[in-house]
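Work through the exercises below with the sequence and the structure side by side, and try each task before reading its solution.

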Amino acid sequence: MQGRVITAYGRHFTVKLEDGSTRQSFTKGKKTGVCVGDYVRLVLQGQEEARIEEVLPRQNLLYRSDEMRSKQFAANVDLLCIVVAVQPTFSEDLLSRALVGAWSANIEPIILLNKIDLQQDYPHAKARLAVFANLGVKIIEISTLQANDLKQKLIPLLSHKTSLLLGQSAMGKSSILNVLVPYAQAHTQEHSIALGTGKHTTTTTCLYELPEHQLSIIDSPGFQSFGLKHLSLQEVIQGFPEFLPYIDYCRFYNCTHLHEPGCGVLQAIAENHISPKRHEMYERILMECTAPEKY
Ligand SMILES: Nc1nc2c(ncn2[C@@H]2O[C@H](COP(=O)(O)OP(=O)(O)OP(=O)(O)O)[C@@H](O)[C@H]2O)c(=O)[nH]1
Ligand SMILES: [Zn+2]
């Protein structure tokens, strides 16, 4: 029997089976290594439960990290949808990091610019996104106040795929999810914590399906912690696709593009083909990496 993991709480998982039914599932060992989005082989136990025997090979795996460690949180993702808004101001640093995370894991990223109904601040937000548009990232402009328009723009891009929704707080991620997958709202409230303000916040990663469009969306809380620490040098470099055409010109095959003489990337920066800001970010991310084979 096979299925897909749609929620994960410690060692307890909800798995959706091929017939559309769900099973509360668990793993045998202490270390689970199972995450939302995984396809698993399981053995049914009684009427309601199942035991996960094996995680099937993954197309990719995304991590989140805090100061202490990296932790896997979503697997088999085709598209990373990064939600930013016209208001409040989004962090360019977090957006850049999410893009690196996507590219290094071979996942296509797109940016959803939400709240375009806030016309006054729209030009400023759009201008801040120009650098990302220049990198070739698709930017889709939406407003959750225009639900039909939003669906028309997003559903064709998301269908037949598993997409991960990421966004800083207050960008409108839950509002977008609720337009796309109406049953998500009830579910989120069920699995959320009420803050002092009475506002509910998602606390767990969860996969929602819209079978009529063969579309799966993974909603995940907190984006500040998008993990890059585990990346190898090669993966970090892959996170900066605009470097690639210049790497062929590096004198050393194992160039780190930090300080080497004859480095094609450093040359391209000197000639204004690559933004120095992006190279600074490359350097910062590399310094934070803990992968042992880094240099
Ligand atoms: N004007 C406008 N407001 C919006 C839009 N989308 C969402 N909002 C508002 O923005 C605020 C934040 O929206 P949420 O959907 O809760 O944002 P979130 O990103 O899920 O935030 P967290 O729950 O903190 O993660 C709410 O007050 C929404 O009503 C939009 O398209 N236009
Ligand atoms: Zn180089």
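**Exercise 1.** Find which domains the protein is divided into, and describe the side of domain 1 that touches domain 2.

*Solution.* The protein is divided into domain 1 (2–55), domain 2 (61–219) and domain 3 (233–288), with bounds that come from an automatic or database domain assignment. Next, 9 residues of domain 1 are in contact with 12 residues of domain 2 (C-beta atoms, placed from the backbone, within 7 Å). On the domain 1 side, strand β1 (residues 2–9) gives the most, with 4 residues.

This is a predicted model, in which local features need pLDDT of at least 70 and side-chain atom pairs count only at pLDDT 80 or more, while totals for chains, interfaces and linings use all residues. Residues are numbered from 1 along each chain as its sequence is written, and chains are lettered from A and ligands numbered from 1 in the order in which they are written.

**Exercise 2.** Determine whether strand β8 (residues 79–85) is largely enclosed or not, and which strands it is joined to.

*Solution.* Of the 7 residues of β8, 6 are buried (20 or more other C-beta atoms, placed from the backbone, within 10 Å of their own), so the strand is largely enclosed by the rest of the structure. Helices (H or I, at least four residues) and strands (E, at least two) are DSSP runs, numbered from the N terminus. Then follow the pairing, which requires at least two DSSP bridges: β8 runs parallel to strand β9 (residues 108–114), joined by 7 bridges, and Ile82 has Ile111 as its bridge partner there. With strand β11 (residues 162–167), also parallel, β8 shares 5 bridges, and Cys81 stands opposite Leu165.

Definitions and conventions: Buried ≥ 20, exposed ≤ 12 C-beta atoms within 10 Å, placed from the backbone. Contact = placed C-beta atoms within 7 Å.
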